[in-house]
Amino acid sequence: MNNLLYIAGGGAIGSLLRFWMNSAVQVMFGKDFPYGTLSVNLTGSILIGSLYVILGERIDTHVALRMTLIVGLLGGFTTFSAFSLETFSLIQGGQPGKAAMNVLLSVCLCLAGCWLGIIIGKKI
């Protein structure tokens, strides 16, 4: 039961961080493309790769900490469901090029971000 509370607490914090970061990026770059969601997913991918290595290989941590940060915080922070809806909305709005660009950038950059995070985690 304690693990569920840790995950829920991390998820609540991650959701708030996602909202704040998404909002800030939209203010900076506008709303004509889902830059906020892309930036959240890229940041989350880098962080999950780093934490996976750091908390799993570098530092002997309690499972509760790993669950709180990786499952809860980053699970609440990343926005793949929002990515899917925004991509679908671009298609429905007659912008298939932007939809394809969003899919391509999100998948490629976030995979690269996860790889970068793993490299960072191994160097720390």
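Start in the middle of things: seven residues, Val40, Leu51, Ile54, Leu55, Leu73, Leu74 and Phe77, form the largest nonpolar core. Two elements, α2 and α3, each give two or more residues to this core, and α2 gives the most, with four. Keep in mind as you look around that this is a predicted model. As a general backdrop, nonpolar side chains in soluble globular proteins tend to be buried together.

Pick out Leu51 from that group and look at what surrounds it. Setting aside neighbours within four places in sequence, Leu51 is in contact with Gly56, Leu69, Ile70 and Leu74. Leu74 is a member of the core as well, and you'll meet Leu74 again at the pocket.

Now go back to the beginning of the chain. Helix α1 covers residues 2-29, which makes 28 residues. From its first C-alpha to its last, α1 reaches 40 Å, close to the 40 Å expected at 1.5 Å a residue. Which residues of α1 are buried? They are Ile7, Gly10, Gly11, Gly14, Asn22 and Val25. These buried residues pack against α2 (35-58) and α3 (63-77), and α2 and α3 are the elements you just saw supplying the core. Right after α1 comes Gly30, with a positive phi near 90 degrees.

A little further on, you reach Thr37, which lies in helix α2. Is Thr37 buried or exposed? Its relative accessible area is 5%, and buried means under 20%, so Thr37 counts as buried. Leaving out neighbours within four places in sequence, the contacts of Thr37 are Asn22, Thr79, Ala82, Phe83 and Glu86. Asn22 is one of the buried residues of α1.

Follow the contact from Thr37 to Thr79. Thr79 is found in the loop between α3 and α4 (80-92). At 5% relative accessibility, Thr79 counts as buried. Apart from residues up to four places away in sequence, Thr79 touches Arg18, Thr37, Val40 and Asn41. Val40 belongs to the largest nonpolar core, while Asn41 helps line the largest pocket. For a sense of scale, the C-alpha atoms of Thr79 and Gly121 are 22 Å apart, with their positions 42 residues apart along the chain.

That brings us to the pocket itself. The largest pocket holds about 170 Å³ of space. Its lining is made up of Asn41, Gly44, Ser45, Ile48, Leu74, Gly75, Thr78, Phe80, Ser106, Val107 and Cys110. Three elements, α2, α3 and α5, give two or more residues to the lining. As with the core, α2 gives the most to the pocket lining, with four residues.

Last stop: charges. How many salt bridges does a search of the whole structure find? The search turns up one. Here the side chains of Lys98 and Asp32 meet, at 3.9 Å from N to O. This pair links distant parts of the chain, with Lys98 in helix α5 (residues 96-123) and Asp32 in the loop between α1 and α2, 66 residues apart. In general, side chains of opposite charge can pair when their charged atoms come close. Are these two residues buried, exposed or partly exposed? Lys98 has 27% relative accessibility and counts as partly exposed. Asp32, at 47%, also counts as partly exposed.

Notes
Residues numbered from 1 in each chain as written. Predicted model: local features only at pLDDT ≥ 70, side-chain atom pairs only at ≥ 80, totals over all residues. Heavy atoms only, no water. Expected span 1.5 Å × (residues − 1). Buried < 20%, exposed > 50% of the residue type's maximum accessible area, 1.4 Å probe, protein only. Contact = heavy atoms within 4.5 Å. Core = buried A, V, L, I, M, F, W, Y, C linked by side-chain atoms within 4.5 Å. Salt bridge = Lys/Arg side-chain N within 4 Å of Asp/Glu carboxyl O. 1 Å grid on protein atoms, 1.4 Å probe; cavity = no way out; pocket = protein on both sides within 12 Å on 5 of 7 lines; lining within 4 Å. Points joined across faces, edges and corners; volume = space filled by probe spheres on them.
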